[in-house]
Amino acid sequence: MKSLTDLAGNFDVSTVQVLTALRIVATRAGVDEIVEWTEKELEGYQKEDELPEHRIWKLSIKANLHNPIQGSIQDMHLGDIAIAEEFRQQATTNYCREGIWQLESMLSGQSAQRLGVEHPNLAQLINASNLLAEGWTCTHANAEFSPAHLQGVINKARQTAIKFCLECEKKGIDLRWGDDENTTPEERDRWLRVITEESTKNALRNAWETVWKSIFGADSFLRSYNRKWCMA
């Protein structure tokens, strides 16, 4: 059986494969906290889910402006001050809910070109704010962001998996994934018995709590814990 740490640290293997392996191991161990996280990272977050901070970022606004006397300006970068305050956060904030497999697909063959977020009413919001200089109107506007944000989300998920595997090694937990031709049925059954023991499951939970707090913060862990407790 293959070491999950080695798999996570092999950058020839996609992050989707790493998270899928971790999801299988966590499911077999019956550790719901890890299963839930891998499922959301792989398949995407729902609107009611709390997003990690690194999945939220500001968008830049690029607009075409027209003045009947001075002419037109193409692709001018506008600050968020060009949008009325009550609409500003909605129009200039991106909430990345897509799963890792979607993000890897989006970045496949992607150049450094910025990515757009569809917002059909953006030009109207800019004009309605009355914050442009007198005589100028917005004829078209786009909300954009760098693809580096998407790569950052993927990297964060992978580093979380690597850090968890290393934390498990510190605690003497041998995380294994998959079978190969050298794995006997007896070895596989023995490992499955160990991974489902209550002491191992508790050690996995403790390792996950340590990693989560170090990466996402203690407050984030408490919110996640309280939400599960309230739903129980």
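Where is the place of Arg55? In this predicted model, Arg55 sits in the loop that runs between helix H3 (32-43) and strand E2 (56-58). You might like to click on Arg55 and look at what surrounds it. Its relative accessible area is 0%, and because buried means under 20%, Arg55 counts as buried. Setting aside neighbours within four places in sequence, Arg55 is in contact with Glu41, Tyr45, Asn94, Tyr95, Cys96, Arg97, Glu98, Ile100, Leu103 and Val153. So that's a charged name on the list of buried residues, with Glu41 and Glu98 among its contacts.

Now let's turn to the nonpolar core. The largest one has 64 residues. Those with the most contacts inside this core are Trp37, Ile126, Phe164, Leu175 and Leu204. Which helix gives the most to this core? That's helix H7 (residues 148-170), with nine residues. Phe164 makes a handy spot to look around from: leaving out its neighbours within four places in sequence, Phe164 is in contact with Leu22, Ile34, Leu175, Leu204, Ala207, Trp208 and Val211. Two of those partners, Leu175 and Leu204, also appear among the residues with the most contacts inside the core.

Next come the salt bridges. How many does the structure hold? There are twelve, and a few of them are worth a visit. Start with Arg23, which pairs with Glu43, the closest N and O atoms being 2.9 Å apart. This pair links distant parts of the chain, with Arg23 in helix H2 (residues 15-29) and Glu43 in helix H3, 20 residues apart. Arg23 is partly exposed, with a relative accessible area of 23%.

Stay with helix H3 for another pair. Lys40 forms a salt bridge with Glu36, and here the closest N and O atoms are 3.0 Å apart. Both residues lie in helix H3, four residues apart, which is about one turn of the helix. Are these two buried or exposed, or in between? Lys40 is buried, at a relative accessible area of 15%, while Glu36 is partly exposed, at 25%. The two end up with separate labels because the cut-off for buried is under 20%.

A third pair to find is Glu198 and Arg205, whose side chains meet in a salt bridge at 3.8 Å, N to O. Glu198 is partly exposed, with a relative accessible area of 47%, and Arg205 counts as partly exposed too, at 26% relative accessibility. These two aren't on their own: Glu33, Glu198, Lys201 and Arg205 are linked in a network of salt bridges.

Finally, have a look at the backbone in a couple of places. Asp75 has a phi near 50°, a positive value in a residue other than glycine. Asp75 lies in strand E4 (residues 71-78) and is partly exposed, with a relative accessible area of 47%. Asn130 has a positive phi as well, near 60°, and it too is a residue other than glycine. Where does Asn130 sit? Look in the loop between helix H6 (122-128) and strand E7 (137-145). Asn130 has a relative accessible area of 67%, and since exposed means over 50%, Asn130 is exposed.

How values were computed: Residues are numbered from 1 along each chain as its sequence is written. This is a predicted model: local features need pLDDT of at least 70, side-chain atom pairs count only at pLDDT 80 or more; totals for chains, interfaces and linings use all residues. Side-chain values use heavy atoms; hydrogens and water are left out. Helices (H or I, at least four residues) and strands (E, at least two) are DSSP runs, numbered from the N terminus. Buried means under 20% relative accessible area, exposed over 50%, partly exposed in between (1.4 Å probe, protein chains only). Contact means heavy atoms within 4.5 Å. A salt bridge is a side-chain nitrogen of Lys or Arg within 4 Å of a carboxyl oxygen of Asp or Glu. A nonpolar core is a set of buried Ala, Val, Leu, Ile, Met, Phe, Trp, Tyr and Cys residues joined through side-chain atoms within 4.5 Å.
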